[in-house]
Amino acid sequence: MSNKRPVGVIALVALFLVGSCASFISAVSLLFPGSFLEPLWQLNPRAREGFNHIGGWAIVLMLVVCVACSFTAASLWRGRRLGYWLAILMLVINLIGNVINVTTGTEPRAIIGIPVVLLILAYLLREKTRNSFH
């Protein structure tokens with residue numbers, strides 16, 4: 001990949017960095033319930049309930065997501081082919097989760113994410129984008 005990164009790749013790096021920050025904040029909030037971060041769960045109270053059912057493993061899960069998002073963002077920024085494939089893998093996992101949440105009625109609002117993820121995947125799968133990674 002040349003020094004000039006495609007704008008779409010820069011946007012993806014930003015997306016994965018936001019995912020990294022959000023999952024880290026979630027993990028810290030779960031680790032310290034009732035802290036100053038607790039009001040953030042008002043954005044998605046169902047997620048809080050779901051994490052409560054998982055217990056301590058929810059913290060581990062959020063930290064794994066944080067590390068995966070961080071590593072993907074860094075690899076994409078460096079133009080590494082591994083970052084490209086990690087981004088596709090993580091987006092496909094997100095897509096599957098969205099489809100399951102919508103079809104089971106767990107989170108009907110996840111329907112918004114389906115076309116968004118499909119558009120991002122279409123962008124990544126273009127030959128021009130794929131060839132910008134080494």
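How many helices and how many strands does the chain have? Before I answer, let me say that what we are looking at is a predicted model, so please keep that in mind as I go through it. The chain has six helices and zero strands, and if you read along the sequence, the pattern that the chain follows is α-α-α-α-α-α. As for its dimensions, the C-alpha trace spans about 45 × 30 × 20 Å along the principal axes of the chain, and of the 134 residues in the chain, 32% are buried.

Let me turn to the pockets. The largest pocket has a volume of about 1,800 Å³, and its lining is made up of 41 residues, with Asn44, Met62, Val65, Asn94 and Asn98 lying nearest the centre. If you want to find this lining on the model, the elements that contribute two or more residues are helix H1 (7-31), helix H2 (45-54), helix H3 (57-77), helix H4 (81-104) and helix H5 (113-125). Sorted by class, the residues of that lining are 27 nonpolar, eleven polar and three charged.

Next, the surface. A nonpolar patch is formed there by Phe24, Ile25, Leu40, Leu43 and Leu63, and together these residues have about 470 Å² of accessible area. One of them, leucine 40, sits in the loop between H1 and H2, and leucine 40 counts as partly exposed because its relative accessibility is 41%, a value that falls between the 20% limit for buried and the 50% limit for exposed.

Now to the charged side chains. In general, side chains of opposite charge can pair when their charged atoms come close. The structure holds three salt bridges, and I will take them one at a time.

In one of the three, the side chains of glutamate 38 and arginine 48 meet, with a distance of 3.2 Å from N to O. Glutamate 38 lies in the loop between H1 and H2 while arginine 48 lies in helix H2, so this pair ties together parts that are ten residues apart in sequence. Are these two partners buried or partly exposed? Glutamate 38 is partly exposed, its relative accessible area being 25%, whereas arginine 48 counts as buried, at 13% relative accessibility.

Another salt bridge joins glutamate 107 to arginine 46, where the closest N and O atoms are 3.7 Å apart. Here glutamate 107 lies in the loop between H4 and H5 and arginine 46 in helix H2, so the pair ties together parts that are 61 residues apart in sequence. Glutamate 107 is buried, with a relative accessible area of 12%, while arginine 46, at 46% relative accessibility, counts as partly exposed.

Glutamate 107 also forms a salt bridge with arginine 109, and in that pair the closest N and O atoms are 2.8 Å apart. Through shared partners, then, salt bridges join Arg46, Glu107 and Arg109 into one network.

Finally, I would like to compare positions along the chain with positions in space. Leucine 124 is found in helix H5, and with 0% relative accessibility it counts as buried. How many residues apart in sequence are leucine 124 and valine 9? They are 115 residues apart in sequence, and their C-alpha atoms are 8.5 Å apart in space.

A further pair of this kind involves cysteine 69, which is found in helix H3 and which, at 6% relative accessibility, counts as buried. Cysteine 69 and valine 18 are 51 residues apart along the chain, and 8.5 Å separates their C-alpha atoms.

Proline 6 gives us another pair to set beside these. Proline 6 has its place in the segment before H1, and it is partly exposed, with a relative accessible area of 25%. Its partner in this comparison is arginine 48, the residue that we met in the salt bridge with glutamate 38; proline 6 and arginine 48 are 42 residues apart in sequence, and from C-alpha to C-alpha they are 36 Å apart in space.

To go back to where I began, this is a predicted model of a chain with six helices and zero strands, in which the largest pocket is lined by 41 residues and in which Arg46, Glu107 and Arg109 are joined into one network by salt bridges that share partners.

Technical notes
Residues numbered from 1 in each chain as written. Predicted model: local features only at pLDDT ≥ 70, side-chain atom pairs only at ≥ 80, totals over all residues. Heavy atoms only, no water. 1 Å grid on protein atoms, 1.4 Å probe; cavity = no way out; pocket = protein on both sides within 12 Å on 5 of 7 lines; lining within 4 Å. Points joined across faces, edges and corners; volume = space filled by probe spheres on them. Helix = DSSP H or I, 4+ residues; strand = E, 2+ residues; numbered from the N terminus. Nonpolar A, V, L, I, M, F, W, Y, C, P; charged D, E, K, R; others polar. Patch = residues over 30% accessible without salt bridge, like charges linked within 9 Å, V, L, I, M, F, W, Y side chains within 5 Å. Areas by Shrake-Rupley, 256 points an atom, 1.4 Å probe, with all protein chains shown as cover. Salt bridge = Lys/Arg side-chain N within 4 Å of Asp/Glu carboxyl O. Buried < 20%, exposed > 50% of the residue type's maximum accessible area, 1.4 Å probe, protein only.
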